[in-house]
Amino acid sequence: MAERFNGVAVRQCRQFDQDSGEPVCSYLQNLKQIYLWFRGCDNINRASVTLPEHFTLPKRSRTLVCHDMNNGYHEDSHHLLTIPPSTWINCAHRHQVLVLGTFITEWDDGGIICREFLQNQQLRHLLITKLVDIAHYYRFDGWLINIENIIEKKHIVTLVQFIVELTEKLHQKIPHGQIIWYDSVTNTGELKWQNELNMYNRIFFDSCDGIFLNYIWKPGNLLRSALNAGQSRKYDVYAGLDIFGRGCYKGGGFKTRDALEVIRESCLSAALFAPGWVYECLGKADFTENQNKFWNLLSPLCHNSSILTELPIVSSFCRGRGDRMYINGKPIKNSAWSNLSAQQLQPSYSNSHRSYYLGTAGTIKISSITHTSMDAYNGGECLRIRGSYTPPLEYSAAVLRPVNQESTNHCSMYVIRIFRTEFEINDGLLISYCYKIPDKFYRSISIALQLVTDSAMTYIILGKESKTVCEPKELEACMEDYGLACSPRFNPSSYKVKSDTSNYFAFSTTNDESAGIIDATYTGETDGTSSWTKRHYLLTESICGSCTICEIQMIIIPELNSNHGERREKDFEIDLGEIKLLRPSVISDDIGRIINLTYKNTSWDINEDQILLNVTLMWDFILDNDATESAQPEFFDIFLKDGNNINFVGRSFLRVFMVKNFPLLVLNDDAVTFVIQHVTKAGLRSNLQHAAHINVLFE
């Protein structure tokens with residue numbers, strides 16, 4: 001898709017797939033196209049999720065993943081400039097991970113490109129400006145600069161200055177941004193990969209935020225690199241690992257772990273190149289199993305960057321795919337779908353490795369914690385926990401045992417770590433979760449949520465409904481502040497180990513009336529019936545005190561053994577559908593509204609069986625001036641209204657949506673009606689019956 005500007009073909013991005021209308025990753029293939037790029041040229045490929053305002057890279061070893069598959073995804077890389085897909089940016093930012101675009105020059109053509117911008121100061125400054133503006137506009141975080149061609153010696157100083165200025169300008173506009181230099185050209189202009197940080201490439205390392213070392217290193221190269229980088233910058237050295245193993249230490253593939261261990265022992269960061277090896281070389285048939293095997297080998301050597309420090313925290317655990325699409329526990333699309341922008345927060349912990357492991361905790365054994373697309377509450381997946389247990393004679397500890405540390409307690413509960421957090425309860429907390437236990441297990445197993453605080457050995461437990469009543473003064477204050485009943489406390493003795501000196505604050509669900517209000521606010525529906533069990537809790541600072549929540553856990557509790565003569569092992573299965581932690585004020589906050597809904601580019605393709613509709617929908621969104629970040633829109637769901645039926649069409653993370661080749665079996669009137677429902681960052685849905693709608697005329 002190209003336009004002409006002053007006689008030059010300006011490829012203003014393949015904005016969308018011609019068949020589906022889905023956004024398509026963009027690239028620019030020559031300097032003139034970069035020079036003539038302008039903000040606003042592409043309004044459907046921009047990311048919608050940004051990193052926290054004061055985000056900084058941690059001072060520890062890091063992992064960079066450089067994607068490459070089928071020789072550059074057939075056509076989307078190894079162009080001069082490649083813009084990351086908006087879906088990748090959204091997914092990564094949601095988990096506090098940076099995303100870089102690539103600026104690559106190669107071989108003879110690359111030499112010509114470099115000569116053009118290095119010998120012309122005006123064009124060089126224009127290129128720097130465009131690179132910074134492109135990253136800022138599409139909301140990604142910087143560039144990998146890969147110059148794989150000879151540079152004339154007279155231009156080396158200019159090239160270094162180009163890198164310095166690009167880094168400075170990027171930091172001015174994107175403070176956390178990164179410019180990473182690939183280990184290729186030396187300080188003499190030779191194309192000579194060093195496989196280490198040394199005197200020949202140090203000048204480029206000193207000019208930017210980091211260096212991506214070539215893959216053919218030996219352990220000695222890494223030790224010299226760490227020494228040359230120094231204590232303050234050793235983590236800015238990313239030792240390359242080609243997963244295909246081409247000339248690599250230990251040979252790549254599943255042996256990648258062995259090489260990664262050596263990198264970590266050298267106190268360097270790592271750059272994993274082409275993890276598509278799993279699919280390309282091992283095939284589609286066992287892809288999921290092989291993919292899990294590959295990453296489970298590496299995960300203990302990779303830090304998890306997601307510490308959730310701000311509310312709201314909302315997750316249905318969906319990875320951005322599914323065999324169906326669900327909203328509020330009900331299927332609304334009965335076909336497979338994939339959209340990484342729709343990936344929800346994933347658990348901070350993998351309970352199958354690191355310092356904790358799956359196994360037997362007293363009478364309970366967890367066999368698997370996996371995503372399943374067999375059911376979901378919102379999105380396409382939920383977490384499914386499977387295991388077995390022997391009914392205990394009495395309740396005792398709730399633990400997850402560390403590796404190589406045998407527990408001396410007889411444990412009859414199991415804790416699954418879900419999220420690592422660091423946020424304060426300073427004005428109350430609204431917590432909700434939903435789960436599903438199959439009927440055959442329902443009476444034999446139960447669950448609770450547990451919040452770990454920063455106070456010594458203090459836990460907040462969110463259990464099942466209790467008849468315990470709130471203190472009148474607490475209830476009155478809560479109703480006055482939020483219009484909801486606070487959660488009553490109950491005796492936590494059943495959660496404690498004998499001789500346990502920990503402090504437990506145990507709370508029951510809020511009353512039915514308040515639960516109904518909360519559920520209606522979440523779902524945008526007056527009829528909140530669902531096959532999922534929902535629990536809502538409202539805690540006030542006066543009830544649980546001011547503290548910092550450090551971890552969110554799930555406790556699995558088996559039934560007590562009523563027949564002392566029979567202790568037969570039983571299986572169980574639990575689906576965890578969604579977790580929400582919000583500030584209570586969201587219940588009464590303004591959630592905004594859609595305005596200026598319009599459409600353009602309408603076409604109708606008519607054949608014997610159906611009508612195919614193409615149209616672009618656009619809208620604006622407004623909020624009260626004092627609205628919180630929680631009220632900002634996370635995404636918009638698009639529906640087609642046919643009489644009393646409302647059918648799901650798609651989901652947009654921007655304020656535009658392209659309907660492409662959408663089949664209409666019948667056209668009852670001279671128009672079709674589209675309805676746009678918005679969902680806030682707190683997971684609150686606008687009421688669908690009162691949502692913005694527009695009639696697209698058949699003409």
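**Strand 9 and Arg-94 in a predicted model**

User: In this predicted model, which residue of strand 10 stands opposite Ile-211?

Analyst: Start with the pairing. Strand 9 joins strand 10 (residues 237-242) through three bridges, and the two run parallel. Within this pair, the residue opposite Ile-211 is Val-237.

User: Strand 8 also pairs with strand 9. Which residue of strand 9 does Ile-180 stand opposite?

Analyst: Strand 8 covers residues 178-182 and runs parallel to strand 9, with three bridges between them. Ile-180 stands opposite a residue of strand 9, and that residue is Gly-210.

User: Are the residues on the two faces of strand 9 buried or exposed?

Analyst: In a regular strand, side chains alternate between the two faces of the sheet. Strand 9 spans residues 210-213, with Gly-210 and Phe-212 on one side and Ile-211 and Leu-213 on the other. Both faces are covered, and all four of these residues are buried.

User: Which helix joins strand 9 and strand 10 in a β-α-β unit, and what is the unit's handedness?

Analyst: The helix is helix 8, residues 219-229. Together with strand 9 and strand 10, helix 8 makes a unit that is right-handed.

User: Why does Arg-94 count as buried?

Analyst: Arg-94 is found in helix 3 (residues 86-94). Buried means under 20% relative accessible area. Arg-94 is buried because its relative accessible area is 13%.

User: Which residue's side chain makes a polar contact of 2.8 Å with that of Arg-94?

Analyst: Beyond four places away in sequence, Arg-94 touches residues including Val-49, Leu-340, Phe-653 and Glu-634. The side chain that joins Arg-94 in a polar contact of 2.8 Å belongs to Glu-634.

Methods: Residues numbered from 1 in each chain as written. Predicted model: local features only at pLDDT ≥ 70, side-chain atom pairs only at ≥ 80, totals over all residues. Heavy atoms only, no water. Buried < 20%, exposed > 50% of the residue type's maximum accessible area, 1.4 Å probe, protein only. Helix = DSSP H or I, 4+ residues; strand = E, 2+ residues; numbered from the N terminus. Pairing = 2+ DSSP bridges. Right-handed = clockwise from strand over helix to strand, strands pointing away. Polar contact = N/O pair within 3.5 Å; in protein donor to acceptor, adjacent residues only side chain to side chain. Contact = heavy atoms within 4.5 Å.
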